[in-house]
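Here's a quick walk through this fold, one region at a time. Have the viewer open and follow along.

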Amino acid sequence: MITLPPPHELPNGATIRTTVYPSGNQAVTIDREQRAEPPSPEPRIGLAFYVPYTRVYPATVAGAPVDAVWVEVSSSADAYFGALYRWWQEADSFAVIEHDVVCRSDVVQAFEECPEPWCTFGYADVWHPESRVAWSDILGCTRFRAELIEAVPDAVSSISPGGWDWHNLSCRLGENLRAAGYTQHLHYPWVEHYHMLEEDRRTALRAG
Ligand SMILES: [Zn+2]
């Protein structure tokens, strides 16, 4: 039978867990820190909002609609693709608020009311006129209308496995939608983008 020795707590709050299989071999996992749980969604009241997440930031929780469904995608770099694939298959309008984006009530209203099929709020910290190419396909605060999904039903499923990694996903999807004749409708003001990289650096420093 599988045995689970007691987890080993590290000074920074991370936990090392070891599983001993019947063969005698082992598997080790490490939780970098205590995971916060996302809020449970209230009954849906309008447009579907999804929050793909690997970590739960309080600022994201505070800004997200109360009926947003949080979708954990931390199992692998491809998991976000799997989530997007399913949402696209459902062929219903939906909005994505990534876990490091602070949503606002005016964002919800804009996504609900704007008739454009593909709408995006940019990030205040990375959207510069000189780097338009880099952010043209940004996915972190975006709404897709059902008419767009129905018009380009294979926009996600046609992405080759090399594009499934979340680092590449938004660009591959954007390429497919632009190839079908669509362009993002940009909304302002830009949304606050949590500086995850800095936070991760601080976490690493605490761990060290
Ligand atoms: Zn729009």
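## Helix H6 and its surroundings

Let's start with helix H6, in what is a predicted model. H6 covers residues 166-179, 14 residues in all, and spans 20 Å from its first C-alpha to its last, close to the 20 Å expected at 1.5 Å a residue. Just after H6 comes Gly181, with a positive phi of about 100°.

Which residues of H6 are buried? They are Leu169, Ser170, Arg172, Leu173, Gly174 and Leu177. These buried residues pack against H2 and against strand E8 (118-123).

## The chain as a whole

Stepping back, the protein chain has seven helices and 10 strands. Of its 208 residues, 30% are buried. If you take contacts between residues at least 6 apart in sequence, 63% of them join residues at least 24 apart.

## Phe121 in strand E8

Strand E8, one of the elements H6 packs against, is home to Phe121. Phe121 counts as buried because 26 other C-beta atoms lie within 10 Å, and the cut-off for that is 20 or more.

What does Phe121 touch, once neighbours within four places in sequence are left aside? The contacts are Val107, Cys141, His187, Trp190 and Val191. Thr142 is worth a look too: 21 residues separate it from Phe121 along the chain, yet their C-alpha atoms are 6.6 Å apart.

## The nonpolar core

In general, nonpolar side chains in soluble globular proteins tend to be buried together. Here the largest nonpolar core has 41 residues, and Val51, Ile97, Cys103 and Val191 are the ones that touch the most other members. Helix H2 (residues 79-90) gives the most to this core, contributing five residues.

Cys103 makes a good place to centre the view. Not counting residues up to four places away in sequence, Cys103 touches Gly63, Ala64, Pro65, Ile97, Val108, Cys141 and Val191. Two of those names, Cys141 and Val191, also turn up among the contacts of Phe121.

## Strands E4, E5, E6 and E9

Now for the strands. E4 (residues 48-53) runs parallel to E5 (residues 69-72), and four bridges join them. Pro52 has Val71 in E5 as its bridge partner. Getting from E4 to E5, the chain passes through helix H1 (residues 58-63), and this β-α-β crossover is right-handed.

E4 also runs parallel to E6, with three bridges between them; Tyr50 has Val96 in E6 as its bridge partner. E6 then pairs with E9 (residues 141-144) over four bridges, this time in the antiparallel sense. In that pairing, Ile97 is matched with Cys141 in E9.

How are the faces of E6 (residues 94-97) covered? Phe94 and Val96 are buried on one side, and Ala95 and Ile97 are buried on the other. In a regular strand, side chains alternate between the two faces of the sheet.

## The E1-E2-E3 sheet

Towards the start of the numbering there's an open sheet of three strands, ordered E1-E2-E3 with antiparallel pairing. E1 (8-9) and E3 (26-31) are the edge strands, each with a single partner, so one side of each has no neighbour in the sheet.

E1 and E2 (residues 15-20) run antiparallel and are joined by two bridges. To find the pairing in the viewer, look for His8, which stands opposite Ile16 in E2.

Note on methods
Residues numbered from 1 in each chain as written. Predicted model: local features only at pLDDT ≥ 70, side-chain atom pairs only at ≥ 80, totals over all residues. Core = buried A, V, L, I, M, F, W, Y, C linked by C-beta atoms within 7 Å. Buried ≥ 20, exposed ≤ 12 C-beta atoms within 10 Å, placed from the backbone. Contact = placed C-beta atoms within 7 Å. Pairing = 2+ DSSP bridges. Expected span 1.5 Å × (residues − 1). Right-handed = clockwise from strand over helix to strand, strands pointing away.
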